[in-house]
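The following questions and answers work through side-chain packing and ring geometry, step by step. Please look over the sequence and the structure before reading on.

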Amino acid sequence: MKRTTRRPARTAPWHPYAWQTQSLLLAYPDDRFPPRLALTHKVAPALPEAVAEPLLRFTAHAERTPGADLAAAYVATFDHRKRCCPYLTYYAHGDTRKRGVALLRMKQTYAEAGWRLSDDELPDHLAVVLEFAATDPATGHRLLTEHRAGLELLRLALADEGSPWAHVLDSVSATLPALAGDEHEAVVRLAADGPPEEQVGLDPYASPVFLPDPVVGGHR
């Protein structure tokens, strides 16, 4: 049987800047959020138009929205709407044993790259994956591409909700290859059937109750 070898992911010099910025904008909008919006304006000119414009649309919305309202919208979107789940392995595996294995493998990937998570962070939160990708672009690109179908489903769900964070997902998608045939089929299947529903086997990864708040250069 002929064995195919996956080529290393191709990344450009601007990819880490895009992924770090996207990671910061997907964090909970607390009192540290305004400097992240200002950083976006500094980074955007160095990014391709398809990546930069959605980020600037998001910052424009965030800058004219009172902080308390933006924070409430964040919680309502990511905490209370299951279809807008930011945990990438959920889309493929739901709350099943397979998701526990996927989380462990992702954490091992981080460890092999010398990257450690704090105890209150799950490795598949999109903000965490993006921050890792900013530090290890080739491996991070592979992880994001492996979860391309889930990312697309999240992007579509946010757009359906009219969420401003859909712009950030538009920007993330613009950093990745276009959906291929199999990925289109996966998106259709996920949209129709949803993730698997078996509710066991996630220990030591319990259902998430904490949304990580990544910062430049490391974790809390």
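Q: In this predicted model, which helix holds both tyrosine 74 and phenylalanine 78?
A: The two residues are four apart, which is about one turn of the helix. Their rings form an aromatic pair with 4.9 Å centre to centre and 55 degrees between the planes, and this pair is tilted. Both residues lie in helix H4.

Q: Is phenylalanine 78 buried or exposed?
A: A residue counts as buried under 20% relative accessible area. Phenylalanine 78 has a relative accessible area of 8%, so this residue is buried.

Q: What is the geometry of the aromatic pair formed by tyrosine 28 and tyrosine 74?
A: Tyrosine 28 lies in the loop between H1 and helix H2 (33–43), whereas tyrosine 74 lies in helix H4 (residues 67–78), so the pair ties together parts that are 46 residues apart in sequence. The ring centres are 5.7 Å apart and the planes make an angle of 85 degrees. Since planes over 60 degrees apart count as edge-to-face, the pair of tyrosine 28 and tyrosine 74 is edge-to-face.

Q: Which residues do ring pairs link into a cluster with Tyr28 and Tyr74?
A: A search of the whole structure finds ten aromatic pairs. Within the cluster, Tyr28 is partly exposed at 33% relative accessible area, while Tyr74 is buried at 1%. Besides these two, the linked residues are Phe33, Phe58, Phe78 and Trp165.

Q: Why do cysteine 84 and cysteine 85 not form a bond?
A: Both residues count as buried, cysteine 84 at 0% relative accessible area and cysteine 85 at 13%. A disulfide needs sulfur atoms within 2.5 Å, and a search of the whole structure finds zero disulfides. The sulfur of cysteine 84 has its closest cysteine sulfur in cysteine 85, which is too far for a bond at 9.3 Å.

Q: Which helix gives the most residues to the largest nonpolar core?
A: This core has 49 residues, and Leu26, Tyr110, Leu126, Leu144 and Trp165 touch the most other members. The greatest contribution, eight residues, comes from helix H7 (residues 126–135).

Q: How wide is the arc that the buried residues of helix H8 cover around the axis?
A: The buried residues of helix H8 (residues 137–146) are Gly140, His141, Leu143 and Leu144. They lie on the same side of H8, because the arc they cover is only 160 degrees.

Q: Which helices do the buried residues of H8 pack against?
A: Leu144, one of these buried residues, touches residues including Trp19, Leu126, Val129 and Leu176. Taken together, the buried residues of H8 pack against helix H1 (15–25), helix H6 (97–112), H7 and helix H9 (148–160).

How values were computed
Residues are numbered from 1 along each chain as its sequence is written. This is a predicted model: local features need pLDDT of at least 70, side-chain atom pairs count only at pLDDT 80 or more; totals for chains, interfaces and linings use all residues. Side-chain values use heavy atoms; hydrogens and water are left out. Buried means under 20% relative accessible area, exposed over 50%, partly exposed in between (1.4 Å probe, protein chains only). A nonpolar core is a set of buried Ala, Val, Leu, Ile, Met, Phe, Trp, Tyr and Cys residues joined through side-chain atoms within 4.5 Å. Contact means heavy atoms within 4.5 Å. The arc is that of the directions from the helix axis to the C-beta atoms. Rings of Phe, Tyr and Trp (its six-membered ring) pair if their centres lie within 6.5 Å; planes under 30 degrees apart count as stacked, over 60 as edge-to-face and the rest as tilted. Lists of a residue's contacts leave out its neighbours within four places in sequence.
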